[in-house]
Each structure stands twice: as C-alpha cells, then as structure tokens.
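Colleague: I'd like to learn how to read a model like this one from the inside out. Could you walk me through it, starting with the empty space?

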Amino acid sequence: MQEVVEVEGLRARKKRARLEAFVDATHRLAAEQGLERVTVEAICAEVGVSVRTFFNYFESKDDAVLGMEHWRLDPAVGDRFAAGGPTGHLLTDMQALITSALDHPPLGKERMERAFELAKDHPEVMLRAYTHLQGLTDELGGLVRRRFGDAADESTVALVGTLLLALAHATFVRWDTAGGDGDVQDHLPSVVAELTAIVAPRA
C-alpha cells in the first residue's frame, strides 16, 4: 500500500512539474514575442514535448497562460453532498466537498501575477478565466440546489455556493502564504475553524 502511495505521489509531482514548465514557457515566449504570436507548437518546443502532451494538460493556449485546468469535482463526492452527506452537518460536508476539489493548486503568487498581467491586455484570456470560475460556480450551485431541494430559496443556494468558493479561495491563500508546501487540502481545516470562530465565537 505504501508503495502505491509513493508511486501516486511521484506521478503527481511529475505532472505538477510539467504543468509549471508549460506555464513558464508560455509566459516567457509571450514576454519575448507577444502572446498573439505564441503558438502551442512553440510552447511544446520550448518544453521539449509533443503537442499531444500539451493537450493532456490544457485545452488552449489561454489556459496555459492562466495555468488553469477545468476544476472537476469528483462525481461520487458531489452526489454524496447533494444527498445530504457524508455527515448531515452542512459545514462539515462542505469541507468534504471542497477537499475533493482541491487537486489543482494555484501556481504560486509570482506565476499568477504574470498570468493576470498578460490577461489585462488580452480580454479573451480574462474571459477564459471567468469561464472556468463560472463553470465551477454553476456546478456547486447545482449540488447545493439538489441538497436543499427544488423549493430551496435562491438566496440560500447563492449563499452556500459563494461560501464554498470563499473557503476554497481562503485555503489557497493560506497554502500560498505558507510557501506552497504540502497539499492545499491540509490547510482547509484551519480555515474552517477560523470561519467558525468568527461567525460563532465561544463565550
């Protein structure tokens, strides 16, 4: 079992290193040539891999600028949340749902700053970032709506969905502040504990 975990960990680190190489190459070429002149073929040549490999990571050049993959929720975890699980306690179940989604940590403050500097001059890249976020927002909203039922008040759905996104974002920030070490998920319990202390402080 330990060997399987180690192999999976090595695979994840290799994937992460390749993804970072794609992002760095895209940013470097964009700075030298202008983003509009950068091609997927040029990015792949810079990294030393095939175009097919690139599309195993990203759907487009714009995604490589942002360092963003589609943020996919585990369907089984989503269905369990929508059915009222795994514990029946909303905040605890939200934590379980977010944990399953935190598989693609952001690429650190420096890379994110470079990405959004490029995006400011290229509306199509900013639109792509919005599309990713909106897709996740819609998916979370659908799960919340299923959990609360068809009669759920839309303001409740919006509140819980927004809180899910806020918890995920705060976890990323805490992970980045800690130097990006370890798994992003490890920082979620402290974020949830802090939220609980803020909104329901003990006497």
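Modeller: Sure, and keep in mind that this is a predicted model. The largest cavity has a volume of about 50 Å³.

Colleague: How do you find something like that in the first place?

Modeller: Rolling a probe the size of a water molecule over the atoms shows where empty space is left. Here that search turns up 1 cavity of 30 Å³ or more.

Colleague: Which residues sit closest to the centre of the largest cavity?

Modeller: Ile 98, Ala 101, Leu 140, Leu 164 and Ala 168 are the closest, out of 10 lining residues. By class, that lining is 10 nonpolar, with no polar and no charged residues.

Colleague: And which helices supply at least two residues each to the lining?

Modeller: α6, α8 and α9 each do. That gives us a good reason to look at how these helices pack.

Colleague: Let's take α8 and α9, then. At what angle do they pack?

Modeller: About 125°, with the axes 9 Å apart. An angle between 115 and 145 degrees falls outside the perpendicular and antiparallel classes, so α8 and α9 are oblique to each other. Their crossing is right-handed.

Colleague: Which side chains should I display for that contact?

Modeller: On the α8 side, pick Leu 133, Leu 136, Thr 137, Leu 140, Gly 141, Val 144, Arg 145 and Phe 148. They meet Glu 154, Thr 156, Val 157, Val 160, Gly 161, Leu 164 and Leu 165 of α9. Sorted by class, this contact has 9 nonpolar, 4 polar and 2 charged residues. You'll recognise Leu 140 and Leu 164 from the cavity lining.

Colleague: What about α6 and α8?

Modeller: Helix α6 covers residues 90-101 and helix α8 covers 123-148. They pack at about 145°, and their axes are 13 Å apart. This crossing is right-handed. Leu 90, Asp 93 and Leu 97 of α6 touch Leu 140, Leu 143, Arg 147 and Phe 148 of α8. The tally is 5 nonpolar, no polar and 2 charged residues. Leu 140 and Phe 148 also take part in the contact of α8 with α9.

Colleague: Anything unusual in the backbone leading up to α6?

Modeller: Have a look at the loop between α5 (75-82) and α6, where Pro 86 is found. The peptide bond from Gly 85 to Pro 86 is cis, with omega near 0°.

Colleague: Last pair: how do α9 and α10 cross?

Modeller: The axes of α9 (residues 154-177) and α10 (residues 188-199) come within 9 Å and cross at roughly 120°. That makes α9 oblique to α10, and the crossing is right-handed. From α9, the contact uses Leu 163, Leu 167, Ala 170, Thr 171 and Arg 174. From α10, Leu 188, Ser 190, Val 191, Val 192, Glu 194 and Leu 195 take part. Those residues divide into 7 nonpolar, 2 polar and 2 charged.

Key:
Residues are numbered from 1 along each chain as its sequence is written. This is a predicted model: local features need pLDDT of at least 70, side-chain atom pairs count only at pLDDT 80 or more; totals for chains, interfaces and linings use all residues. Side-chain values use heavy atoms; hydrogens and water are left out. Axes are lines fitted to C-alpha atoms, for helices over the stretch in contact, and angles run from 0 to 180 degrees between N-to-C directions. Helices (H or I, at least four residues) and strands (E, at least two) are DSSP runs, numbered from the N terminus. Angles under 35 degrees count as roughly parallel, over 145 as roughly antiparallel, 65 to 115 as roughly perpendicular and the rest as oblique. A crossing is left-handed if the near helix is turned anticlockwise from the far one by less than a right angle, and right-handed if clockwise. Contact means heavy atoms within 4.5 Å. Ala, Val, Leu, Ile, Met, Phe, Trp, Tyr, Cys and Pro count as nonpolar, Asp, Glu, Lys and Arg as charged, and the others, Gly among them, as polar. On a 1 Å grid over the protein atoms alone, a cavity is a set of points where a 1.4 Å probe fits but cannot get out, and a pocket is an open set with protein on both sides within 12 Å along at least five of seven lines; lining residues have an atom within 4 Å of a point. Grid points are joined across faces, edges and corners, and a volume is the space filled by probe spheres set on the points.
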